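I opened this model to look up its sheets, its backbone exceptions and its enclosed space. My entries are in the order in which I made them.

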Amino acid sequence: MRLGALLDTPELGLRLLVGASARDREFSRVFQATLQDPTRYLDGGEIVLCGLRWLPGPAEADEFVGRLAAAGVAALGAGTAEVGGPVPDHLVTACERVGLPLFEVPLSVSFATVAERVILGLAAERSAPARDSHRRLVAAVTSGQGLSALVKAGAEELGTGCWVLSATGRQLAGGPELPAARRTALARRFLRAERLPCQDGPVTLLGASGRSGHRVASWFLVVDGDPADWSPTRRELAQEFAALVGLERSRVDEARRIENRAAEPLLRLALSDDAAPGELTSRLVAAGFAPQEPLAMLSAEVRGGGPGLAQVLVEELLDAAGEPVLVATVDGETFGLFSAPHDARQLREAVRTLEPALGSARLTLGLSRAADAAGLRSGVQEARHARTLAAMNPGRATVLSGDEVASHLLLLAAVPEEVRRTFGEKVLGPVLAYDAAHGSELITTLKTFLEHSGSWTRTAAALHLHVNTLRYRITRIGELTGRDPGRFADRVDLYLAGCFTQNWGWS
């Protein structure tokens with residue numbers, strides 16, 4: 001499809017800002033992105049649509065535009081809905097510098113509308129049989145019957161089994177129901193794939209990107225068969241089918257974005273010192289929560305994954321929690337609020353499924369719950385503390401529930417990390433150094449001794465030691481640390497030092 005044909009679509013109102021001579025440039029698909037570096041998901045020849053909230057200055061715009069130009073993107077469409085104003089001059093300048101065509105998407109037009117027009121335009125250029133099939137698929141989309149009707153129509157047009165799954169492995173449409181282990185395996189294959197479509201045994205996986213463009217926030221289409229055995233017309237139809245599934249996902253994302261407008265002010269109020277239960281209740285009811293119902297809260301942080309990834313992950317993880325769900329990022333920390341009783345085990349399984357998509361990033365999640373709106377503020381704080389403790393665990397993705405954390409650890413989670421680390425090293429540093437120099441097992445002995453509440457006989461039995469050997473080791477630990485492991489107060493110090501240096505208590 002020609003760029004000029006898209007720009008001339010009257011109902012879109014697109015305004016070309018850079019690249020007047022590029023109207024004859026052709027593109028093959030549209031990609032919606034909110035990542036600073038979406039190049040992993042680009043093949044070249046795309047139109048990229050992005051919001052402006054996370055391109056606030058020249059440095060960010062230059063880096064983003066440079067990556068797009070190097071990837072061979074056909075043009076950049078900048079949406080103004082998130083900032084409520086015109087495309088900034090620094091983005092225009094960045095595109096002019098590298099020769100990347102730039103057009104403005106007006107406030108009144110969603111990315112989903114632009115994507116739908118592109119899909120229709122590309123279909124109009126296909127052969128007559130493909131055009132007829134595509135029209136039947138579009139009719140299924142516009143009928144208002146949702147994703148299930150689209151997948152049923154797609155399976156009929158392709159003449160084979162089709163399913164749509166989320167990145168967490170939930171089956172959203174298609175039949176029959178796939179086994180849970182199979183869905184999880186397919187999701188992990190989808191998340192790890194360098195390129196799409198890809199094969200997984202007898203089926204083909206095709207991406208259906210949503211508004212964010214990140215793979216963890218995408219659905220994917222599973223089709224029986226190998227594209228190598230398909231005719232070119234059938235391959236084109238499968239790609240267009242996946243694009244229409246992505247359009248359905250974009251509509252879900254757009255509705256979610258509108259619903260989440262209430263989340264940030266509500267969470268800011270809950271985090272403030274003067275939040276009145278009555279005001280919190282009224283805001284919760286306005287957001288769709290029933291009065292006096294139990295609430296679940298989630299606090300999330302992603303380190304090393306770029307802006308916006310934490311919110312994308314939380315939205316995907318809570319997609320199965322049922323309505324209502326609110327997700328917002330407040331001062332760099334992402335929160336989720338939902339009414340369904342949280343299930344830490346189920347959430348951990350979803351996190352394990354998504355983990356391959358994290359790359360070098362690290363995800364930590366804290367969960368809590370409250371009986372009603374009056375407990376919202378303390379519940380949010382507990383989720384934050386649980387997330388802080390989760391960050392002490394090794395691993396790329398960790399989930400911790402407030403129910404799983406001892407009360408003294410929740411209190412100490414508010415202590416700065418540097419203070420905790422210094423305390424742990426001061427108390428147990430000499431023991432760790434002694435073990436390293438002598439090949440001894442004093443740390444293991446101490447941990448077992450504390451786990452058995454200072455019982456000499458049970459500790460000796462657990463370690464297969466004579467009690468006199470155990471007494472010698474504990475005495476040596478006392479000499480090295482200046483604490484008496486036989487005294488309860490000193491045992492608390494030793495236990496907390498172990499938590500801060502060895503992850504005791506929440507592994």
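The entries below go through two sheets, one strand in detail, some loops and a cavity.

**Entry 1: status of the model**

I note at the start that this is a predicted model.

**Entry 2: the sheet with mixed pairing**

I looked up the strand order of the sheet that contains strand 13. I found an open sheet of five strands in the order 12-13-11-14-15, and its pairing is mixed. Strand 12 and strand 15 (397–401) are at the edges; each has a single partner strand, so one side of each has no neighbour in the sheet. From one strand to the next the twist averages 15°.

**Entry 3: strand 13 and its partners**

Which residues make up strand 13, and how many of them are buried? I read residues 333–338 for the strand, and six of its six residues are buried.

I then checked the side-chain directions. In a regular strand the side chains alternate between the two faces of the sheet. In strand 13, E333, F335 and L337 point one way, while T334, G336 and F338 point the other way. Both sets are buried.

On pairing, I recorded both partners. Strand 11 (residues 295–303) pairs with strand 13 in the antiparallel sense over five bridges. I took one position from this pair: A300 has T334 in strand 13 as its bridge partner. Strand 12 (residues 325–330) also pairs with strand 13 in the antiparallel sense, over six bridges. Here I noted A328, which stands opposite F335 in strand 13.

**Entry 4: the turn before strand 13**

What do strand 12 and strand 13 form, and how many residues lie between them? They form a hairpin with two residues between the strands. D331 lies in this loop, and its phi is near 55°, a positive value in a residue other than glycine. I checked its accessibility too: D331 counts as exposed because its relative accessibility is 66%, and the cut-off for exposed is over 50%.

**Entry 5: helix 13 on the sheet**

I followed the helix that lies across the mixed sheet. Helix 13 (residues 376–390) lies across strand 11, strand 13, strand 14 (362–370) and strand 15. It runs at about 150° to strand 14.

H385 is in helix 13. Is H385 buried, exposed or partly exposed? It is partly exposed, because its relative accessible area is 21% and buried means under 20%. I also noted that H385 and G402 are 17 residues apart in sequence, and that their C-alpha atoms are 8.0 Å apart in space.

**Entry 6: the antiparallel sheet**

I looked up the other sheet. Five strands form an open sheet in the order 7-6-10-9-8, with antiparallel pairing. Strand 7 and strand 8 stand at its edges with a single partner strand each, so one side of each is left without a neighbour in the sheet. The twist from one strand to the next averages 30°.

Within this sheet I checked one pair. Strand 9 (residues 203–208) and strand 10 (residues 219–224) pair in the antiparallel sense over six bridges, and the bridge partner of T204 in strand 10 is V223. Helix 8 (residues 232–259) lies across strand 6 (162–166), strand 9 and strand 10, and it runs at about 45° to strand 9.

**Entry 7: backbone exceptions**

Most residues other than glycine have a negative phi, and most peptide bonds are trans. I listed places that depart from this.

- G175 and P176 are joined by a cis peptide bond with omega of about 0°. P176 is in the loop between strand 7 (171–174) and helix 7 (180–192).
- The peptide bond from L196 to P197 is cis, with omega near 0°. P197 is in the loop between helix 7 and strand 8 (198–200).
- H464 has a positive phi near 60°. It is in the loop between helix 17 (456–463) and helix 18 (467–481), and it is exposed, with a relative accessible area of 73%.

**Entry 8: enclosed space**

How many cavities of 30 Å³ or more does the structure hold? I found one. The largest cavity has a volume of about 60 Å³. Its lining includes L284, F289, P291, E293 and D372. The lining residues divide into seven nonpolar, two polar and two charged. Helix 10 (residues 277–286) gives the most to this lining, with three residues.

Methods: Residues are numbered from 1 along each chain as its sequence is written. This is a predicted model: local features need pLDDT of at least 70, side-chain atom pairs count only at pLDDT 80 or more; totals for chains, interfaces and linings use all residues. Side-chain values use heavy atoms; hydrogens and water are left out. Buried means under 20% relative accessible area, exposed over 50%, partly exposed in between (1.4 Å probe, protein chains only). Helices (H or I, at least four residues) and strands (E, at least two) are DSSP runs, numbered from the N terminus. Two strands pair if DSSP finds at least two bridges between them. Axes are lines fitted to C-alpha atoms, for helices over the stretch in contact, and angles run from 0 to 180 degrees between N-to-C directions. Contact means heavy atoms within 4.5 Å. On a 1 Å grid over the protein atoms alone, a cavity is a set of points where a 1.4 Å probe fits but cannot get out, and a pocket is an open set with protein on both sides within 12 Å along at least five of seven lines; lining residues have an atom within 4 Å of a point. Grid points are joined across faces, edges and corners, and a volume is the space filled by probe spheres set on the points. Ala, Val, Leu, Ile, Met, Phe, Trp, Tyr, Cys and Pro count as nonpolar, Asp, Glu, Lys and Arg as charged, and the others, Gly among them, as polar.
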